Amino acid sequence: MQDFVGRADELARVRERLARMASGLGQVVLLAGEPGIGKTRLARELVDGADAGLAIGWGRASEDEGCPPYWMIRQVYRSLQRPLPDRLGSPGSSHPEARFEAFEAVADDLREAAGPSGLVIVMDDLQWADAASLALLVHLARGIAGSPVLILAAYRDTEAAALTDVLAALAQEPVLTRIRLTGLTDAEVGEQLKRSTGAAVSGDLASRIRRRSGGNPFFVGELARLLGSTDDLPDLVVDAVRARLGRLGDSSRDLITVAAALGEFLDPSILAQVTGRPVPQVLSDLDDAATAGLIAGPGRWQFAHDLVRESARLGLSSTSRLTAHARLAEVLSARSDAAERVGEIAHHRLASLPIGDPELATEWAERAANEALGQLAWESAAELFQQANDTGADLAPADRSRLLCGAGLALIRAGNLSRGMPTLTAAAAAAREADDPVALGQTALAVEGVADPWGTFQGGAIAAEALAGLPAEDSPLRVRLLALQAGEAGFAGGPGPERISVEALAMAERVGDGAALRSALRARQMVRSGPDGVSDRLRLGDRMLALATAEHDHDAALWGRLWRYDALLMLGRIDEAEAELGPIRVLAESVRGPLAQWHSLRSQATIDLARGRFDEAITATRACLALVEAHAREHASLAGLPMTVLSSLAALTGRTELFPDAMFEVFERGVPPVVSVAVSVDCLRRGDLDRARRLYASADGPASIPITVRLPLAAAYVEVAAALGPPEHVRTAAALLREHPDLFVAGGAGALLVNGSVRMYLGMAAAADGSLDEAVRELRLAVEANERVGLPPFAALSRYLLGRVLIRRRRAGDSEEATALATAAAAAARAMGMAPLLSDAKALVAESSGRQTGPLTRREREVAGHLAEGLTNRQIAALLHLSERTVETHVQHVLTKLGLANRTLIATWVRDGMRTGSP
């Protein structure tokens with residue numbers, strides 16, 4: 001082993017992190033640098049100097065693509081002499097939460113391995129790790145803060161492009177320390193040369209070698225080998241490695257170059273079969289290479305350094321390389337342990353193309369892909385399925401459909417919808433070409449349970465197409481396809497969701513298949529997610545709970561509870577909904593997946609906001625957002641939902657820092673209308689009219705509201721259209737709400753917010769339309785409803801809105817009642833921290849109690865009067881000898897003070913009030 005020189009500061013920093021770990025504070029150290037800079041050597045120095053009782057796990061990624069998934073963590077477990085947890089080590093479920101559960105099993109096991117003395121895990125050559133291993137590393141890093149575990153991960157920063165997302169994710173963790181190794185100094189190079197050669201060297205020579213090598217310890221060692229044999233040091237250090245290769249005999253050099261192309265380790269018997277040489281000759285050639293310092297052995301032959309192997313590989317022609325891969329694939333395929341080397345054989349079959357056999361490459365790549373899929377290495381599985389499809393083999397349409405479906409499913413499991421959905425579209429086209437409705441159905445089911453709000457893959461439409469080609473007989477496949485078709489039609493709109501979901505549920509009950517029944521219940525819940533189906537959803541939740549109890553299925557039980565929770569919120573049974581939070585939390589902990597935790601957190605945040613516990617709601621929402629960001633690849637589509645809640649919290653509390661401008665930019669980049677309208681209301685409440693108009697303008701109008709958000713979106717349209725117009729939007733949205741006056745504004749399939757009684761928005765709509773008596777009646781009922789069910793923020797808001805309408809109506813006693821309502825609203829707003837409502841309510845108190853002539857100034861009343869006469873701003877400006885801009889300012893003040901949406905309503909206010917002597 002190369003002598004350890006220099007690195008005193010870096011070693012001290014790593015040892016300090018080791019001391020923190022020993023006190024129970026988990027640590028992650030990222031060690032970066034160029035090849036040969038000494039990353040592995042520094043890690044070895046740390047481990048060798050650690051306490052004897054410390055557990056050490058050492059894993060190293062390999063650039064050989066044939067390595068099985070999680071190769072790095074497999075080596076860690078091997079060095080710890082522990083079995084890999086079953087969930088990760090053997091094929092199992094491929095549902096979206098399965099990998100999180102497997103990762104948690106590994107994390108729990110490693111915490112156990114740490115024991116009281118602690119555990120150091122070294123992960124070397126991270127730049128070559130497979131995507132699943134990198135995902136596992138991030139998961140472990142996020143869970144070690146309170147455990148005596150130190151993870152030291154070393155990587156080449158010259159090849160870190162594949163690590164961009166991982167490094168960004170790790171950078172968010174407080175346990176992270178980053179160390180970058182640079183070249184040795186002149187003095188340190190001189191010390192290394194002295195130890196290598198046994199003799200001191202001059203300062204000039206040490207400086208020359210430091211300049212040529214960049215102070216890289218490996219390169220310094222290579223140049224040291226040339227001292228005394230030549231006076232001419234090479235300009236490129238790689239030439240020093242080639243020089244050593246050149247001094248080998250032809251037989252040894254040829255063997256080493258072939259071996260370098262095939263893998264990290266050198267098995268004499270396999271090399272003999274690949275090269276056609278006798279084993280004794282291979283052993284002799286390996287001895288020569290070892291003597292030259294190019295490989296280490298005997299026993300476990302391997303290259304002395306990655307850079308040696310990389311340099312040796314450059315000496316092999318393309319034809320020789322492809323032939324060697326093809327021959328090695330044949331040798332490995334004939335071995336008795338071929339079934340355990342599927343990934344390795346697939347790699348060599350693929351690497352042998354175009355010389356190798358494309359049909360065999362496809363066969364082995366598909367086998368490896370299925371193995372990776374079963375082991376939850378979704379990224380590797382997707383790549384292998386795609387490679388199997390792209391070998392150039394003459395594939396039948398059915399084969400292409402199967403391979404593309406596998407690739408699409410794996411990509412979706414990895415959270416890569418942008419690639420997964422088009423891949424499934426291609427799979428469906430191949431299934432049609434094969435005239436295979438089963439394959440078409442399987443392709444459609446690849447998106448079962450996946451939210452695709454942008455509609456890039458129409459799984460329901462493809463399910464309907466597959467159903468048309470299948471035998472018209474009961475089967476679990478038919479149930480699931482009907483459920484997919486109905487669920488998508490219910491959410492996005494489509495023909496017959498009610499009929500199809502009923503058919504799916506009835507068939508599921510006949511076939512007696514638990515998985516099919518769960519799919520049918522989910523579809524029925526989605527179809528009934530509108531306000532008219534709220535009681536049905538409560539019963540569906542009970543049915544799902546009964547099924548979950550019978551099958552001991554925590555995931556199904558969680559969904560049953562969530563359905564009940566959403567329905568109870570819409571019914572205004574807030575106490576009962578809050579009582580569901582405890583069971584939801586327990587079930588989320590049992591399921592353990594990030595999606596389950598997300599639902600638990602968003603449910604808690606919804607209740608906290610509805611109750612006026614804004615600090616608690618902010619904490620839960622931020623935790624929800626952090627969870628999504630931590631698992632962005634798996635659940636990226638959920639990121640906007642907690643952001644929507646933060647937007648609402650910022651608007652209600654006036655704490656605009658909760659939702660800065662950078663967050664608004666996300667919602668201005670082509671999000672679905674359901675999101676843009678909701679956020680436009682928050683902008684309106686914040687006084688950001690320009691942004692509210694932009695977001696509102698991108699919406700389609702209230703006539704096309706999805707049933708899942710019928711009440712929230714109709715309420716949002718009422719509020720924003722009352723301020724920005726047009727009046728037709730207010731009336732259309734109010735008509736939707738008028739069918740359900742006794743319900744509360746919440747979503748029917750994943751409630752994020754409870755925005756008070758429907759009657760509050762009916763009151764807003766009536767006020768915007770000038771129907772003040774109706775507005776007063778609805779808002780009185782809204783105050784009572786919000787108060788009765790325990791929604792204090794919306795009870796306060798309803799009081800303020802009622803007071804504002806009473807001021808407009810101006811009947812006897814209205815001003816006095818408005819003063820009392822505004823005073824109560826202000827007190828409640830102050831107690832809860834609703835700064836905008838507090839300001840508005842205080843202004844209403846002053847207006848209603850101190851200025852009986854009305855809220856407008858003399859000039860504003862004058863402008864309002866001329867507006868009622870039908871004059872334009874220009875005409876009013878000429879009549880009053882004002883600028884047109886000043887008149888426009890007065891008009892805006894009138895609209896704001898009176899809470900009116902447009903000039904037409906000013907005229908109505910004048911006719912109803914000013915001209916009767918009570919302006």
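1. Within what distance do the axes of helix 37 (residues 689-697) and helix 38 (residues 710-724) come, and at roughly what angle do they cross? In this predicted model, the two axes come within 11 Å and cross at roughly 120°. That angle makes helix 37 oblique to helix 38, because an angle has to lie between 65 and 115 degrees to count as roughly perpendicular and over 145 to count as roughly antiparallel. The crossing in which helix 37 passes helix 38 is left-handed.

2. The residues that make this contact can be named on both sides: helix 37 contributes A692, R693 and Y696, and these meet Y717, V720, A721 and L724 of helix 38. Sorted by character, the residues of the contact comprise six nonpolar, no polar and one charged.

3. A cis peptide bond from G725 to P726, with omega near 0°, also deserves a look. P726 has its place in the loop between helix 38 and helix 39 (727-738). A cis peptide bond also joins L353 and P354, with omega of about 10°, and here the proline is found in the loop between helix 17 (342-351) and helix 18. A colleague inspecting the backbone may wish to view both loops, the one with P354 and the one with P726.

4. Helix 18 (residues 358-374) contains E359, which is partly exposed because its relative accessible area is 42%, a value that falls between the 20% limit for buried and the 50% limit for exposed. When residues up to four places away in sequence are not counted, E359 touches A393 and D394. Between E359 and T621 there are 52 Å in space, C-alpha to C-alpha, and the two residues are 262 residues apart in sequence.

5. Is R602, which is found in helix 31 (residues 594-611), buried or exposed? R602 counts as buried, because its relative accessibility is 4% and the cut-off for buried is under 20%. Leaving aside neighbours within four places in sequence, the contacts of R602 are with L562, Y565 and D566, with C624, and with G750, A751 and L752.

6. Two residues other than glycine should be noted for their positive phi, namely R7, with phi near 65°, and Q81, with phi of about 60°. R7 lies in the segment before helix 1 (8-22), whereas Q81 has its place in the loop between helix 3 (71-80) and helix 4 (86-89). As to their surroundings, R7 counts as buried because its relative accessibility is 7%, while Q81 is exposed because its relative accessible area is 74%.

7. For the protein as a whole, there are 48 helices and seven strands, and the C-alpha trace spans about 115 × 75 × 55 Å along its principal axes. Of the 919 residues, 56% count as buried. The accessible surface comes to about 37200 Å², and carbon and sulfur atoms account for 52% of that area. Among contacts with a separation of 6 or more, 65% are between residues 24 or more positions apart.

How values were computed. Residues numbered from 1 in each chain as written. Predicted model: local features only at pLDDT ≥ 70, side-chain atom pairs only at ≥ 80, totals over all residues. Heavy atoms only, no water. Axes fitted to C-alpha atoms, helices over the stretch in contact; angles between N-to-C directions. Helix = DSSP H or I, 4+ residues; strand = E, 2+ residues; numbered from the N terminus. Parallel < 35°, antiparallel > 145°, perpendicular 65-115°, else oblique. Left-handed = near helix turned anticlockwise from the far one by under 90°. Contact = heavy atoms within 4.5 Å. Nonpolar A, V, L, I, M, F, W, Y, C, P; charged D, E, K, R; others polar. Buried < 20%, exposed > 50% of the residue type's maximum accessible area, 1.4 Å probe, protein only. Areas by Shrake-Rupley, 256 points an atom, 1.4 Å probe, with all protein chains shown as cover.
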